[in-house]
Amino acid sequence: MNQPQRFLSLDVFRGMTVCFMIIVNTPGTGAEPFAMLDHAAWHGFTPTDLVFPSFLFAVGNAMSFSMKKFAQMENPAVLMTIIKRVLLIFLLGYLMYWFPFFSHNENGGISLSPIANTRIFGVLQRIAICYGIASLLIHYLSTRSVALISVLFLIGYWVVLLVFGDAADPFSMTGNAGQQLDLFLLGDKHLYHGEGIAFDPEGILSTIPACVNVIIGYYAGKFIQERGKGYETIAKLMLAGGLLILIALCFNPVFPINKKLWTSTFVLLTCGLDLLIIGALIYSIEVSAYTRWTGFFTVFGKNPLFIYLVSELLLSIIYVLFPHSDFRNWINSNFFQVVAPGPIGSLLFAICFMLVCWVIGYILDKRKIYIRV
């Protein structure tokens, strides 16, 4: 059997996404990060807001290669493959939030961290659900049907927020329908509390429009494979991306671009930007053959989910090994904020931490170890 043709530009895109996700998720302490490296407070958009949807878009790209084998499989085997992957990724995400499963109590002993206080949904959980829904739709339905359902997801989400949200402000953090649904089904303690209240930016309802990021990523990857790496492919990707961005900006006044709500305009904007980036990468890498810089990012792209897990758990592991030392605050206070006070020091810590994760990925790559989830 012939090996499927690989597109270095897609591998680099996936690696860039993981690289910048680590940087924005792990800023140094002691100073606020640069505004562009922080998420928009509510409505609006920053470059950091593009990272997670680009990860979903990259999942769709990868599906355009991996789902080809489904055509030679019986339906029960396809379903089992999809369900197993969804459950595994979801479980990894849940365990990541529960980790290290215990805490040091006031008496110096160890207490088991209660499951009752563990966040249920999150980044990997959203990836799992979006992958599952997108895979089922793409495998069992026609392209036209998938496109129609995608439109219904985006319009339907808008309608649900308007009808079931707070009449005074259906797009507010406390008044949106997704917040009410999460509180009703999951309860306060199972939600994210990083906003100062129980609000989950990866909640149940907002996962529905996020599926469209994966779907568009899939069809973009399929289009590139079918049409090749030429100028026509680049032009059509750029045109499609520009059109999606234009639609998002036109509807922004009535349905604001909002990452934490994952609004439909946010989906269109991020998919549009991803199409522009993919087009630019194809031109630089595939057409112009400018590839000397790509090796750094392909290290991330070869073990993306594993390296992401490492980035999320590494500091927690250090805390488990050295429970009486706050390594992150100590190294920032005594080194990074001394060398470069303020946001620059925060950024330097994030970059250095990213490079540590890269070294782990590089060692795995050199040993030909690729952890598939």
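Which residues have the most contacts inside the largest nonpolar core? In this predicted model, that role goes to M63 and I127, in a core that counts 82 residues. Helix α7, spanning residues 207-227, is the top contributor, putting 11 residues into this core. A separate core also turns up, apart from that one, with 10 residues, including L161, F171, M173 and L205. As for I127, its contacts, leaving aside residues up to four places away in sequence, are F52, F55, L56, V59 and L305.

Next comes the packing of α7 against helix α2, which covers residues 51-66. The two axes sit 6 Å apart and make an angle of about 45°, so α2 is oblique to α7. The handedness of this crossing is right-handed. On the α2 side, the contact involves P53, L56, F57, V59, G60, N61, M63, S64 and F65. Facing them in α7 are A210, N213, V214, I216, G217, Y218, A220, G221, K222 and Q225. Sorted by class, the α2 and α7 contact holds 11 nonpolar, 7 polar and 1 charged residues. M63 thus shows up here as well as among the residues with the most contacts inside the largest core.

Another helix pair involves α1 (residues 8-25) and α13 (residues 343-366), whose axes come within 8 Å and cross at roughly 135°. These helices are therefore oblique to each other, and their crossing is right-handed. From α1, the residues in contact are C19, I22 and I23; from α13, they are L347, A350, I351, F353, M354 and C357. The class breakdown for α1 with α13 is 9 nonpolar residues, with no polar and no charged ones. As a general point, nonpolar side chains in soluble globular proteins tend to be buried together.

Helix α1 also carries M21. With a relative accessible area of 4%, M21 is buried, because the cut-off for that label is under 20%. What does M21 touch, not counting residues up to four places away in sequence? The list is V51, F52, F55 and Y308. F52 and F55 are also among the residues that I127 touches. Along the chain, M21 and D49 are 28 residues apart, and their C-alpha atoms are separated by 9.9 Å.

Methods:
Residues numbered from 1 in each chain as written. Predicted model: local features only at pLDDT ≥ 70, side-chain atom pairs only at ≥ 80, totals over all residues. Heavy atoms only, no water. Core = buried A, V, L, I, M, F, W, Y, C linked by side-chain atoms within 4.5 Å. Buried < 20%, exposed > 50% of the residue type's maximum accessible area, 1.4 Å probe, protein only. Helix = DSSP H or I, 4+ residues; strand = E, 2+ residues; numbered from the N terminus. Contact = heavy atoms within 4.5 Å. Axes fitted to C-alpha atoms, helices over the stretch in contact; angles between N-to-C directions. Parallel < 35°, antiparallel > 145°, perpendicular 65-115°, else oblique. Left-handed = near helix turned anticlockwise from the far one by under 90°. Nonpolar A, V, L, I, M, F, W, Y, C, P; charged D, E, K, R; others polar.
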